[in-house]
Amino acid sequence: MLAQLDQHHGQASGLFSADEHLAGRHPSQGTETCAVVEQMFSLETAVEVWGAAEALVDRLERLAYNALPACATVDDRGHQYVQQANQVVSHVTQDRIYTNNGPDANVFGLEPHFGCCTANRHQGWPKFAARLWMATPDDGLLALSYAPCVLETSVHETPVRVEVRGSYPFDDTVTVVVRVEQPGAFPLSLRVPGWAVDPRLSVGDAPPAALDPGSVHRMHREWVGEQVLTLRLPARMRAEQRPNNAVTMWRGPLAFALAVGESWQRKGGHESYPDWEVHPTTPWNYAVELDPADPEKSLTVRRQAGVGPPFSPEGVRLAVHATGRRLANWRVEHGAAGSPPPSPVDTKSGAEQVVLVPYGAARLRVTELPWIPPR
């Protein structure tokens, strides 16, 4: 069923269009915030039943690290009823692309359009955090994802403390510290994402061992005192094809989108929970120069410190620099970005430097990008 939804209604973030009905693959069709958290919970439940199938966990990470933070303000005091992959303006509009959602469905606020997402959204992070680790049928522990966390549990009635350190998904190195109060043997399994390039694991000072991408690496060993596991999950930029031959850029579980300048304008609401429109302050209608088969030749990945939460424009830890060219005929239609022009596009516009940021860090963004062959 997920494959059918992807084929006919799939969006770049791993969601499907739902604004309020299934509405095709146009990147300006919206997806309701309830659909984000409910699909995450469905995937988490499926993993509990069927195990750590890579297709399920990969999609769960895509939603958690992209769609979930993108649908709310940084301080979590407002959310959207629907988010868009290509979201170049967030405003109250009577002329709208949505199937039947109201004119305020795209703004940020306490309960825009309808209050169901206000009641639902808060389940996303806690349920995801509670399933970063799972118990296994062989009396062991399994790591599904590697957000920083601490797990305190017991195995064979022996207290076990597991701490995950690092900046995943913004960094390629994960440190897992396992501490037991008394020696004991039990299996500990680590999911190795399918996108990882030459993943490796070292235990203590031992040389790193190669792992298989898209697998679950199981270690059954005697655990004594404190032991440190260092997991390396290198990633490369990759281009996923979208309708009209546009591309969405990915690195690990993070989608990257063209960052659009944001002007937040209050539009009523409650004193402590105002409603906001977000208007663009910079152009958004770019094509990027790249070869979809080898995008890293044309892109530069840069790490930066970031100030504030990582899923905010100021807190970006990982940015991608590219060459872009404006497409004058790509405009707003029915209150949203029109369809991306079919790629490869042809334009005589001058080259400009553009920046792509993680999808979840941008409230205005272009995620499905037309492209131009490198010049």
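**Figure 1. Pro169 and its cis bond in the loop between strand 7 (158–165) and strand 8 (173–180).** This is a predicted model, and the first stop is a proline. Pro169 sits in the loop that runs from strand 7 to strand 8. The peptide bond joining Tyr168 and Pro169 is cis, with omega at about 10°. For context, most peptide bonds are trans.

**Figure 2. Another cis bond, this time at Pro344.** Here the bond to look at runs from Ser343 to Pro344, with omega near 0°. Pro344 belongs to the loop between strand 23 (336–337) and strand 24 (352–358). What is the geometry of the peptide bond from Ser343 to Pro344? It's cis.

**Figure 3. His156, a positive phi in a residue that is not a glycine.** Phi of His156 comes out at about 55°. As a rule, most residues other than glycine have a negative phi. Where is His156 found? Look in the loop between strand 6 (149–155) and strand 7.

**Figure 4. Asp198, with phi near 55°.** Asp198 also isn't a glycine, and its phi is positive. The residue lies in the loop between strand 9 (184–192) and strand 10 (200–203). Is Asp198 buried or exposed? Neither label fits: its relative accessibility is 45%, so Asp198 counts as partly exposed. The cut-offs behind that call are under 20% for buried and over 50% for exposed, with partly exposed in between.

**Figure 5. Asp75, an exposed residue in a loop.** The loop in this view goes between helix 3 and strand 2 (82–83), and Asp75 has its place there. With a relative accessibility of 51%, Asp75 counts as exposed, because exposed means over 50%. If you want a long-range ruler for this view, try Ala235: Asp75 and Ala235 are 160 residues apart in sequence, and their C-alpha atoms are 30 Å apart in space.

**Figure 6. Ala362, a buried residue in a loop.** Ala362 has its place in the loop between strand 24 and strand 25 (365–366). Its relative accessible area is 3%, so Ala362 is buried. Which residues does Ala362 touch, leaving out those up to four places away in sequence? The contacts are Glu262 and Val357. Gly214 gives another ruler: C-alpha to C-alpha, Ala362 and Gly214 are 29 Å apart, with their positions 148 residues apart in sequence.

**Figure 7. The largest pocket, about 300 Å³ in volume.** Anyone thinking about grids and probes may want to linger here. The lining of the largest pocket is made up of 20 residues, and those nearest its centre are Pro69, Trp125, Pro309, Pro310 and Phe311. What does the lining look like by class? There are 16 nonpolar residues, one polar and three charged. Helix 3 (54–70) and helix 5 (124–129) each supply at least two residues of this lining. Helix 5 takes the largest share, with three residues.

**Figure 8. The second largest pocket, with a volume of about 220 Å³.** In this view, 13 residues form the lining, and Asp6, Gly14, Arg59, Arg62 and Glu240 are the closest to the pocket's centre. By class, the count for the second largest pocket is two nonpolar, four polar and seven charged residues. Which elements each supply at least two residues of the lining? Helix 3 and strand 14 (237–241) do. Helix 3 has the largest share of the lining in the second largest pocket, at four residues.

**Figure 9. Zooming out to the whole protein, with its five helices and 26 strands.** The radius of gyration is 21 Å, close to the 21 Å that the globule rule gives for 375 residues, so the protein is as compact as a globular protein of that length. Along the principal axes, the C-alpha trace spans about 65 × 50 × 40 Å. Buried residues account for 54% of the 375. Take the contacts between residues at least 6 apart in sequence: 65% of them join residues at least 24 apart. On the outside, the protein exposes about 15700 Å², and carbon and sulfur atoms supply 51% of that area.

Terms used. Residues are numbered from 1 along each chain as its sequence is written. This is a predicted model: local features need pLDDT of at least 70, side-chain atom pairs count only at pLDDT 80 or more; totals for chains, interfaces and linings use all residues. Side-chain values use heavy atoms; hydrogens and water are left out. On a 1 Å grid over the protein atoms alone, a cavity is a set of points where a 1.4 Å probe fits but cannot get out, and a pocket is an open set with protein on both sides within 12 Å along at least five of seven lines; lining residues have an atom within 4 Å of a point. Grid points are joined across faces, edges and corners, and a volume is the space filled by probe spheres set on the points. Ala, Val, Leu, Ile, Met, Phe, Trp, Tyr, Cys and Pro count as nonpolar, Asp, Glu, Lys and Arg as charged, and the others, Gly among them, as polar. The radius of gyration is taken over C-alpha atoms; the globule rule is 2.2 Å times the number of residues to the power 0.38. Buried means under 20% relative accessible area, exposed over 50%, partly exposed in between (1.4 Å probe, protein chains only). Contact means heavy atoms within 4.5 Å. Accessible areas come from the Shrake-Rupley method with a 1.4 Å probe; for residues, only the protein chains shown count as cover.
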